[in-house]
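I opened this model to go through its confidence, strands, core and cysteines. My notes follow in the order in which I looked things up.

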Amino acid sequence: EQTVTDSRCLAFCFCLGVNSQQERDHQTLSVQEGENATMNCSYKTTINNLQWYKQDSGRGLALLILIRSNEREKNSGRLRVTLNTSLKSSSLSIAASQMADTATYFCATE
């Protein structure tokens, strides 16, 4: 008996930094459907909060999640965001990725 696996691949393109204080860094992440995906973002200045945005092809930015500088982790559904202010970095993890998650992701600071 032969098993056929679903080899559909999700492509996550993410741009780190959408304001003048951050360097733009375009990266592409590809994962299998159902796998977890993690994107990282670094910044250079002191912040009040950090936001992650999703942009579907041909559409505007949609705010996914905002994490404040005094928070270390925030969860929303399949999304998990961490923030390390001493390392000036944040990560966005998507659990059990779906085809609908294929998009461009941005982080921004305030």
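The entries below concern a predicted model.

**Entry 1: confidence**

I began with pLDDT. The chain averages 80, and 76% of its residues are at 70 or more. Residues 1-10 have pLDDT below 50, and I noted 21 contacts for this stretch beyond near neighbours in sequence. Residues 14-23 also stay under 50. For residues 14-23 the model has 40 contacts beyond four places in sequence. I leave both stretches out of the entries that follow.

**Entry 2: overall make-up**

I listed the secondary structure next. The chain has nine strands and zero helices, so the listing from the N terminus reads β-β-β-β-β-β-β-β-β. I then looked up burial and found that 34% of the 110 residues count as buried. For contacts with a separation of 6 or more, I noted that 52% are between residues 24 or more positions apart.

**Entry 3: the four-stranded sheet**

In what order do the strands of the open sheet of four lie? I read the order as S3-S8-S7-S6, with antiparallel pairing. S3 and S6 (73-76) are the edge strands; each has a single partner strand, so one side of each has no neighbour in the sheet. Direction ignored, neighbouring strands here are turned by 15 degrees against each other on average.

I then took the pairing of S3 with S8 (residues 89-94) on its own. The two run antiparallel and are joined by six bridges. Within this pairing, Cys41 has Ser90 of S8 as its bridge partner. Asn40 is also in S3, and its C-alpha atom is 4.3 Å from that of Ser91, although 51 residues separate the two along the chain. Is Asn40 buried, partly exposed or exposed? Its relative accessibility is 46%, and since the partly exposed class lies between 20% and 50%, Asn40 counts as partly exposed.

**Entry 4: the disulfide**

How many disulfides are there? I counted one. Cys41 and Cys107 form this disulfide, with an S to S distance of 1.9 Å. The cut-off for a disulfide is 2.5 Å between sulfur atoms, so the pair qualifies. Cys41 belongs to S3 (residues 37-42) and Cys107 to S9 (residues 103-109), so the bond ties together parts that lie 66 residues apart in sequence. I looked up the torsion about the S-S bond as well: it is about 65 degrees, so the disulfide is right-handed. Both Cys41 and Cys107 are buried.

**Entry 5: the core**

I turned to the largest nonpolar core, which holds 16 residues. Those that touch the most other members are Met39, Leu50, Trp52, Val81, Leu83, Leu92 and Tyr105. The elements giving two or more residues to this core are S3, S4 (49-55), S5, S7 (79-84), S8 and S9. As background, nonpolar side chains in soluble globular proteins tend to be buried together.

**Entry 6: Arg68**

Last, I checked one residue of S5 (residues 61-68), namely Arg68. Arg68 has a relative accessible area of 46% and is therefore partly exposed. Apart from neighbours within four places in sequence, Arg68 contacts Asn48, Asn49 and Leu83. Leu83 was already on my list for the core. The C-alpha atoms of Arg68 and Thr109 are 9.8 Å apart, with their positions 41 residues apart along the chain.

Conventions. Residues are numbered from 1 along each chain as its sequence is written. Side-chain values use heavy atoms; hydrogens and water are left out. Buried means under 20% relative accessible area, exposed over 50%, partly exposed in between (1.4 Å probe, protein chains only). pLDDT is the predictor's confidence in each residue, from 0 to 100. Contact means heavy atoms within 4.5 Å. Two strands pair if DSSP finds at least two bridges between them. Axes are lines fitted to C-alpha atoms, for helices over the stretch in contact, and angles run from 0 to 180 degrees between N-to-C directions. A nonpolar core is a set of buried Ala, Val, Leu, Ile, Met, Phe, Trp, Tyr and Cys residues joined through side-chain atoms within 4.5 Å.
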